[in-house]
Amino acid sequence: MAEVLDINSLSKRYAAIQAVNQLSVKVEQGSIYGLLGPNGSGKTTTLGMVLDVIKTTAGTYSWFGQPSSRETKRRVGALLETPNFYPYLTAQKNLEVIADIKGADKANVNRVLQLVGLESRKSSSFKGFSLGMKQRLALAATLLNDPEVLVLDEPTNGLDPEGIAEVRELILRIASEGKTIILASHLLDEVEKVCTHVAVLQRGQLKAEGPVGAILSAKDQILISAPNLPIVTEVLQRLPFIEAFKPEKDTVVLTLKDGYSSTDVNKAMFEAGIVLSQLVVRRKSLEAQFLEIIKSQS
Amino acid sequence: MNLLRIEFRKILPYKTVWVILAIYVVLMVLVLNASSGITINGRQLGADAFQLPGVWQRLSFLASFFNLLLGILIIVLVSDEYSFRTLRQQVIDGLSRVEIVLAKFYVILAVAAFSTIFLLLLGLYFSLLYSTDHSVDAFFSQIDHLSYYFVQAVAYMALAMLFAFLIKKSGLAIIAFIAYAKIVEPLVHLRIPDTVDKYMPMKALGSLTPMPGQDLIDQFTTPTEQLTPPWAAVAGLFYIGLFLFLSYSLLKVRDL
């Protein structure tokens with residue numbers, strides 16, 4: 001598959017802060033690529049650099065195998081941070097300005113307004129819009145010249161649940177047309193629901209990268225306790241299907257390799273002559289996994 | 001010209017622009033009207049002030065004081081692009097940094113053309129009203145003062161644009177622009193000899209619209225050395241180029 005965006009050891013340093021550190025990722029055509037990380041992890045800085053508005057300190061990037069230019073920019077629709085429009089202009093006039101800059105057909109203005117459900121408000125000025133409407137207008141602007149790639153920075157930020165659902169549905173609909181989407185978000189749940197690939201960032205460093213299923217697969221945790229814990233841990237060490245375990249105060253927390261379940265644990269313990277006093281299956285939250293990813297490699 | 005069309009799309013519906021231009025027009029008319037009404041030694045000043053062909057020099061000298069207002073207009077337009085973050089969005093959407101500066105330069109040319117044409121109309125109106133000599137030669141023999149005024153207005157606004165790109169915030173940029181034009185550079189003039197300071201931007205630009213009757217004053221005081229309007233125009237064009245280049249350099253080296 002062709003690469004849409006290739007980021008090669010990109011770095012950005014502000015006076016005292018290393019905002020992005022030696023970041024390398026490749027975004028393939030047709031994927032929905034999530035940049036996931038807490039606030040201040042360098043997501044927006046990274047997007048700012050590849051969108052040519054923030055200077056790189058070191059490293060390179062290329063769009064469609066070429067350096068950034070007017071031509072590559074026309075193939076990308078991007079929204080960075082807050083929606084940026086002239087407050088005194090109407091929705092339609094704002095989009096006409098952008099259509100002129102992108103060299104897009106004027107007829108598209110109405111089409112994209114319809115797509116994001118703002119057609120009835122096209123003659124209202126931007127400053128009177130609610131945050132949700134502003135966000136949708138920004139989405140409309142990115143779609144103006146029917147780009148191959150969409151770059152969205154926190155597209156659901158500040159929206160109510162209904163707005164979030166609408167925007168996500170819109171993103172999936174756009175992706176189903178074969179477009180590539182690069183999405184920065186601090187919401188795990190959003191990345192898990194929408195994205196096919198994910199890169200996890202923390203303090204400007206890449207912590208994990210790959211298909212969402214591999215990085216954020218929610219493996220269950222099992223909690224067991226027994227009267228004599230040291231023997232339990234001894235047995236656990238011998239069992240082939242235990243991926244990891246960690247003794248806590250009165251319990252042991254463990255995760256299993258694929259294809260095994262809590263029944264196997266119970267059976268193995270019983271065979272070893274241990275009667276468990278407690279066996280609990282706990283679905284690991286995405287948040288817990290996320291923290292784990294961030295901790296494991298720092 | 002596509003750039004100018006984009007700029008007009010943004011500017012024409014913007015009330016602030018019209019308010020500033022209206023203030024400019026009203027102030028000019030008020031000042032002209034007031035000066036024509038003054039009576040000195042039983043003679044109406046208007047009759048003297050609007051005599052052809054000297055009216056063009058007097059008008060452009062008068063208009064040079066209002067260049068600050070045009071500069072403020074440009075500062076507002078450029079700093080808005082920062083506060084709305086539309087500058088950033090437009091680079092993302094495909095404009096180059098050269099085009100960003102050029103687009104604003106076209107606006108500057110358009111505003112300067114507007115004020116020059118406005119001066120032309122004012123001059124025609126008042127001279128038809130007051131001037132005794134209405135020959136074609138009288139109308140056009142000194143009309144080149146308007147073209148010097150045009151260069152001056154463009155250069156003033158280019159400097160204002162540079163301050164706006166440098167400072168990004170309209171209030172601070174306006175203060176810095178006025179402080180430089182009216183206080184800082186004039187103070188520097190006091191310190192250095194005329195042979196040098198006549199090339200400095202504010203003084204060179206000022207020489208584009210020399211004060212009417214300056215030669216008369218020079219007979220009584222030590223004349224201050226200044227460039228003739230044609231040479232001042234060369235300096236003006238140089239400064240316009242310099243301000244544009246510096247604006248572009250700022251965009252090039254800084255994050256947007």
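Domain bounds here come from an automatic or database domain assignment. This is a predicted model, where local features need pLDDT of at least 70, side-chain atom pairs count only at pLDDT 80 or more, and totals for chains, interfaces and linings use all residues. Residues are numbered from 1 along each chain as its sequence is written, chains are lettered from A in the order in which they are written, and side-chain values use heavy atoms, with hydrogens and water left out.

**Exercise 1. Describe how domain 1 and domain 2 of chain A meet.**

Step 1: get the bounds. Domain 1 of chain A runs over 3–215 and domain 2 over 220–296. Their centres, taken over C-alpha atoms, are 41 Å apart.

Step 2: list who touches whom. Contact means heavy atoms within 4.5 Å, and here 11 residues of domain 1 of chain A and 6 residues of domain 2 of chain A take part.

Step 3: look at the area. Buried area is the accessible area (1.4 Å probe) that two parts lose on being put together, summed over both. For domain 1 and domain 2 of chain A that's about 720 Å², with 80% from carbon and sulfur atoms.

Step 4: check for charge pairing. A salt bridge is a side-chain nitrogen of Lys or Arg within 4 Å of a carboxyl oxygen of Asp or Glu, and the count between the two domains of chain A is 0.

Step 5: find the elements. Helices (H or I, at least four residues) and strands (E, at least two) are DSSP runs, numbered from the N terminus. On the domain 1 side of chain A, α7 (188–194), β8 (197–202) and β9 (205–211) each give two or more residues, and α7(A) has the largest share with 3 residues.

**Exercise 2. Now do the interface of chain B and chain A: how much area is buried, and how many salt bridges are there?**

Step 1: count residues. Chain B and chain A bring 26 residues each to the contact.

Step 2: take the area. About 2,700 Å² is buried between chain B and chain A, and carbon and sulfur atoms give 53% of that. B:Arg9, B:Ile92 and B:Asp93 supply 26% of the area that chain B buries against chain A, more than any other three residues.

Step 3: count the bridges. There are 9 salt bridges between chain B and chain A; a search over all chains finds 26. One example joins B:Arg5 to A:Asp100 (3.0 Å, N to O).

Step 4: assign elements on chain B. α1 (2–11), α6 (86–92), α7 (97–130) and α14 (229–253) each supply at least two residues of the side that touches chain A, and α6(B) leads with 6 residues.

**Exercise 3. Which residues share a salt-bridge network with A:Asp100?**

Step 1: start inside chain A. A:Asp100 also pairs with A:Lys106 (3.2 Å, N to O).

Step 2: check exposure. Buried means under 20% relative accessible area, exposed over 50%, partly exposed in between (1.4 Å probe, protein chains only). A:Asp100 is buried at 5%, while A:Lys106 is partly exposed at 33%.

Step 3: meet a bridge within chain B. B:Glu81 and B:Lys10 pair at 2.8 Å between the closest N and O atoms. B:Glu81 sits in helix α5 (residues 67–83) of chain B and B:Lys10 in helix α1 of chain B, 71 residues apart. Both B:Glu81 and B:Lys10 are buried.

Step 4: join shared partners. A:Glu96, A:Asp100, A:Lys106, B:Arg5 and B:Arg9 form one network.
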